[in-house]
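This report describes a predicted model. It takes up a sheet and the helices that lie across it, then the nonpolar cores, and lastly some points of backbone geometry.

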Amino acid sequence: MYELLDRIDSPADIKHLSMDQLRQLCAELRQYIIECCSRNPGHLAASLGAVELIVGMHYVYDTPQDKLVFDVGHQAYAHKILTGRREAFATMRTQGGISGFPSRDESPFDAFGVGHSSTSVSAALGLAEAARMQGRQEKVVALIGDGAMTGGLAFEGLNNAGESHADLLVILNDNNQSIEGNTGALHRHLLNLTTSESYNRFKNRVWNSLGDNAFRGFLQRWVRSFKSWLVGKPGGALFESLGFRYFGPIDGNDIAEVVKTLRKLHGITGPRLLHCFTVKGKGYTPAEQDPVVWHAPGHFDPETGERIHAPHLRDRYQDVFGEVLCELAEADPRVVGVTPAMASGCGMNRLAASHPDRFYDVGIEEEHAVTFSAGLAAGGMKPFCNIYSAFSQRAYDQIVHDVALQRLPVVLCFDRAGLVGEDGATHNGAFDLAAYRSIPNAIVSAPRDETELKRLMYTAWKHDTGPFIIRYPRGMGEGTPWREAAGTPLDIGRGCTLLEGDEVAILGIGPVVNRALEAAAGWPGRVGVYDMRFLKPLDEDLLARVAGRCRHIITVEDGTLSGGLYGAVSEFLAPGRFGATLEGIGIPDRFIAHARQEEQYAACGMDVEGIRKSLKKVFGE
C-alpha cells in the first residue's frame, strides 16, 4: 500500500529521497497514521500537523547522533514510524505494544522521554550543554508547540537558554493561527537574508571585531528592535529579547521550505528559534475542521470520518462533575471554574456554555491555575479548579504554599486519578493520595460512585477553610441515580459501612471499593467492606472499631500503596494497640505501563479476581 514508507526502516533511508519523494512520503505517513489511529485510537490531529517538520528534521539532521527532543509527545507519531517502529506503530498504546509517547527505554532515537508538556527546551538545553562539555559534535533540536509554549517551564528554559551559548535550535510549531495572513514578501526576504551563510559569516565577523562590551550590547539590542519593527512580528521581539535569534515564520507544512530553512540553520550556532505555522489535523478534512475533537477522537471510519462511539451505559465522572458544577453555579454567584486547557476533558465546557463569565481556561499552566484559584478565593470567590491528577503534580508547591498555608477554600478536583489506561505511566494518577495526605489544612477525599461525587462537591462548596481535594477516575461511573439524589453534604472525615463482617475487613477508598464488595460476596458474614471516603482526615473511630473486631485488614485503593490509604492505616495500627494483621492492594512501587484500564487493574490485583485471591489467601483456600 505504501510505496515509499514500506521501505523506510530508519531515518538514513530518507536521506537520498528527492523533494517530490519527500512530499509523497509525507502523504503516506499521514495515511498510515490515520489508518492505524482509526483502529487503535491515539492523539491524531497534532501528529498530522507535524509530519513535514519531523520528516524535515530527520532529513537534515543525523539522528540519533543529533538529538531531537519533542514537547507534548503526541506530535511524535511520524517520528516513531520513521525510526524503526513502523510495524510496531499498529500496537501503540496497547498492552505489550509501544508507548504513545517518546521513551528512552524504547528507542535510541528518543533522546528524552515526554508525556506532559513544556519540557522540551529545558531538556534540549541540558543535552546541548552535556554534548559541549564532553566534546561531542552534536546538534540538538527541540520541537515545541500544540499549546506547550504557554507553560511556565517553557519560558524558564528559554530564559536560561537565551543567556547561554548553547548550540540549540527551538522549533515553535504554531498550529493555532492561519498561515496566509502572516507570511509575505518582506517576511520571506528577511528569512532568506538572516539564514544565508554569507550573511551569518559577515555578521559574526562584525560582532567579534567589536569584542564583548557595552557598545556591542547596545548595537545588538538596536538591531533586534529594528528587525522586529521592520517585520512587524512582536513574537519575534519576545524571543529576541530572551536572547534567541528569531527566524520565520515559515509554512511548516511545506516540506521544501522546511528542508531549505533547516539546512541553512544547521550551520548557525547559538540559541535560535524557528517559527513555523502548521495546520493541526493537516491532510484529513474532519481533523482540520474540528482539531479539538480530533485531538484524540477514539475509533473512527477513516473513509467517512464518522466517529464510532461505544455506547455509554453509565455516565462518566467528568459529566457528573460538569453538571453538578453548573448546579452549584446557579445556586451561588461566587462559584467559578478554572482549568488548565482541559475544559472538555473534565466536563467544565458545560460551565463555559452556561456561565462563560465564570469560566477560566488558563492554558497548559497548572501552577498558575492553582495560584490564580487561590487569588480568587482570597477575593471572596469559590473556585473549583479541575486538573488531571498526574498534571496536578506540577502544582504541588502552589497547593502547599498558596492554598493550604493560607487556608484558602479552593476546591481541587483531580480527574483521571488512578490508572488511566492507554496513556500509560506518564498519565497515571498514581501519587495524588500519598502526595497530598501530608499537607496540613487539606481535605483529601474520593467518591465511590457518581452520587458520592455529587455529595462531595456539595460538601466542598460548604467548606471554607483550606483546600478540599476530590479525586476520581477516568471513565464511567457505577450507574447510580445521581441526578435524583440530593446534594446533601457529607460529614468530613467520616467513612461508612457497606457490609459487616467478623473476620476480615476491607477498607477501600474510591470506586475500587465496589470491586471489593463484589469480591466479598463469596464470604457472607466473614468479610466486611468499609468505604473510608476521606483519606484526610482519617476516620479513626471506624478504624478502631474494625481493628478491634477483625483479625485481618485489607486496604484497597487506586493509588500507590506507598503513603496512601495503606500507609495511613499502617501508621494508625503501628503503636500495636490492635492485633489485626494488614495487607494492601493498590498500585505497587513501580510505574505501570500502558494497557487498557481493566488490564492495568488486573496486573495490580485491583480487580474483583485480584481481591478474591487476597481473600482466599487469608482464609487458606
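In this predicted model, strand β1 pairs with strand β2 (residues 140-145) in the parallel sense, over 4 bridges, and within the two strands Leu 68 stands opposite Val 141 of β2. These strands belong to an open sheet of 5 strands with parallel pairing, whose order is β1-β2-β3-β5-β4. Because β1 (67-70) and β4 (245-251) each have a single partner strand, they stand at the edges, and one side of each is left without a neighbour in the sheet. On average, and with direction ignored, neighbouring strands of the sheet are turned by 20 degrees against each other.

Two helices can be described relative to this sheet. Helix α5 (residues 120-133) lies across β1, β2 and β3 (168-174), and runs at about 180 degrees to β2, whereas helix α11 (residues 255-266) lies across β3, β4 and β5 (272-277), with a direction at about 165 degrees to β4.

The largest nonpolar core has 78 residues, of which Phe 321, Phe 384, Met 457 and Ile 470 touch the most other members. The helix that gives the most to this core is α13 (residues 317-331), which contributes 8 residues. Leaving aside neighbours within four places in sequence, the contacts of Phe 384 include Phe 321, Leu 325 and Leu 328, as well as Val 335, Val 336, Val 338, Met 457 and Trp 461. Apart from the largest core lies another, of 56 residues, among them Ala 50, Leu 265, Ile 268 and Tyr 284.

The backbone also has two cis peptide bonds to describe here, one from Gly 248 to Pro 249 with omega near 5 degrees, and one joining Lys 536 and Pro 537 with omega about -5 degrees. Pro 249 lies in strand β4, while Pro 537 is found in the loop between β15 (534-536) and α22 (540-549).

Ala 341 has a positive phi although it is not a glycine, and the same description applies to Asn 441. The table gives the values and the place of each residue.

| Residue | Phi | Loop | Relative accessible area |
|---|---|---|---|
| Ala 341 | about 70 degrees | between β6 (335-339) and α14 (343-346) | 35%, partly exposed |
| Asn 441 | about 70 degrees | between α19 (432-437) and β10 (443-445) | 30%, partly exposed |

Ala 341, at 35%, counts as partly exposed because its relative accessible area falls between the limits of 20% and 50%, and Asn 441, at 30%, counts as partly exposed by these limits too.

How values were computed. Residues are numbered from 1 along each chain as its sequence is written. This is a predicted model: local features need pLDDT of at least 70, side-chain atom pairs count only at pLDDT 80 or more; totals for chains, interfaces and linings use all residues. Side-chain values use heavy atoms; hydrogens and water are left out. A nonpolar core is a set of buried Ala, Val, Leu, Ile, Met, Phe, Trp, Tyr and Cys residues joined through side-chain atoms within 4.5 Å. Buried means under 20% relative accessible area, exposed over 50%, partly exposed in between (1.4 Å probe, protein chains only). Contact means heavy atoms within 4.5 Å. Two strands pair if DSSP finds at least two bridges between them. Axes are lines fitted to C-alpha atoms, for helices over the stretch in contact, and angles run from 0 to 180 degrees between N-to-C directions.
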